[in-house]
Amino acid sequence: MKTRMTELLGVRYPIIQGGLQGLGRADLAAAVSDAGGLGLITAGCFDTCAELEAEILHARTLTDKPVGVNISIGTRRTMSDFLDCICDLGVGIIFTSGHNPESFVDRIKRFGMKWVHVVPAVRFAHKAQDLGADAVVVVGFEAGGHPGMDDVALSVLVRKASVELSIPVIAAGGISDGRSMIAALAWGAEGVQLGTRFVLTRESALHPIMKECLQQATEHDTIMIERSLRKSRRVLRTTQAEAVIALERDGATFEQLKHIIGGEAYLE
Ligand SMILES: Cc1cc2nc3c(=O)[nH]c(=O)nc-3n(C[C@H](O)[C@H](O)[C@H](O)COP(=O)(O)O)c2cc1C
């Protein structure tokens, strides 16, 4: 299948495995790329440039197809150093997300990388296009992870973005199979980015008990947390998630929530 996205990224199918904090490692990314989609190694999984570099080199032993890197801007100071590392290694495709990518653009362009920025709103998609992004991923309210603060469904966002933008739009949020991919393409997307579905693959490092939990979950079993911190996150409805909501209702600060939502606790 050919779209402007497949042409841009040099892949066979318009399917991307999105950034996955803690799980976006070489085995998964290389398997997706090898199967004809685009896998992304998630820089946020690593503490040091050396670790990220080793993972990228490992992916190159698993496939000769392109594997990209996802950098979630603003989550950690090291992300800027990670960008230098990616440039030095000649990574050809970068997906940025999280915050304003402006300070990264010069380096991305200088090293001739294909650049896709992930956004939860059409206004940010315009900004990315103006900054020179080659494509955008538009993330709808349905998405796992951070779907932004506006609570707008993917069908509305993708339709609007694809009408207004000149660069290709990639859809993310609630896409799980060929039929939902075709729906997104019909709305005007030129590719899809999946997160949750790839978490459930054999190559994903998620604990088997968690995979089982996700498979048993229904459409009512996710919940939005961290809205009071202006960082809405869609997660599985667990007792921990319910505890976060209760604390947020009582006006808890990040410091007061850290024992549940901080990096260490998240991994545990
Ligand atoms: C467990 C998990 C971790 C994620 N981590 C990141 C991340 O580090 N960077 C990023 O840009 N997106 C991240 N995302 C978002 C995904 O890349 C993707 O956009 C989203 O999952 C799409 O929605 P879906 O889960 O309904 O397919 C994450 C999603 C999940 C479920």
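Glu226 sits in the loop that joins strand E9 (222-225) to strand E10 (233-236). Arg230 belongs to the loop between E9 and E10 as well. Strands here are DSSP runs of E with at least two residues, helices are runs of H or I with at least four residues, and both are numbered from the N terminus. This is a predicted model, in which local features need pLDDT of at least 70 and side-chain atom pairs count only at pLDDT 80 or more, while totals for chains, interfaces and linings use all residues. Residue numbers start from 1 along each chain as its sequence is written.

Neither Glu226 nor Arg230 is a glycine, yet each has a positive phi. Burial is judged from other C-beta atoms, placed from the backbone, within 10 Å of a residue's own: 20 or more is buried, 12 or fewer is exposed, and in between is partly exposed.

| Residue | Phi | C-beta atoms within 10 Å | Class |
|---|---|---|---|
| Glu226 | about 65° | 19 | partly exposed |
| Arg230 | about 60° | 8 | exposed |

The ligand is surrounded by 25 residues, of which Gly18, Gly19, Gly144, Gly145 and Gly195 come nearest. Strand E3 (67-72), strand E8 (191-194) and helix H9 (196-199) each give two or more residues to this shell. A residue counts as near the ligand if its C-beta atom, placed from the backbone, lies within 6 Å of it. H9 supplies the largest share, 3 residues.

By type, the shell around the ligand holds 8 nonpolar, 15 polar and 2 charged residues. Nonpolar covers Ala, Val, Leu, Ile, Met, Phe, Trp, Tyr, Cys and Pro; charged covers Asp, Glu, Lys and Arg; the others, Gly among them, are polar.
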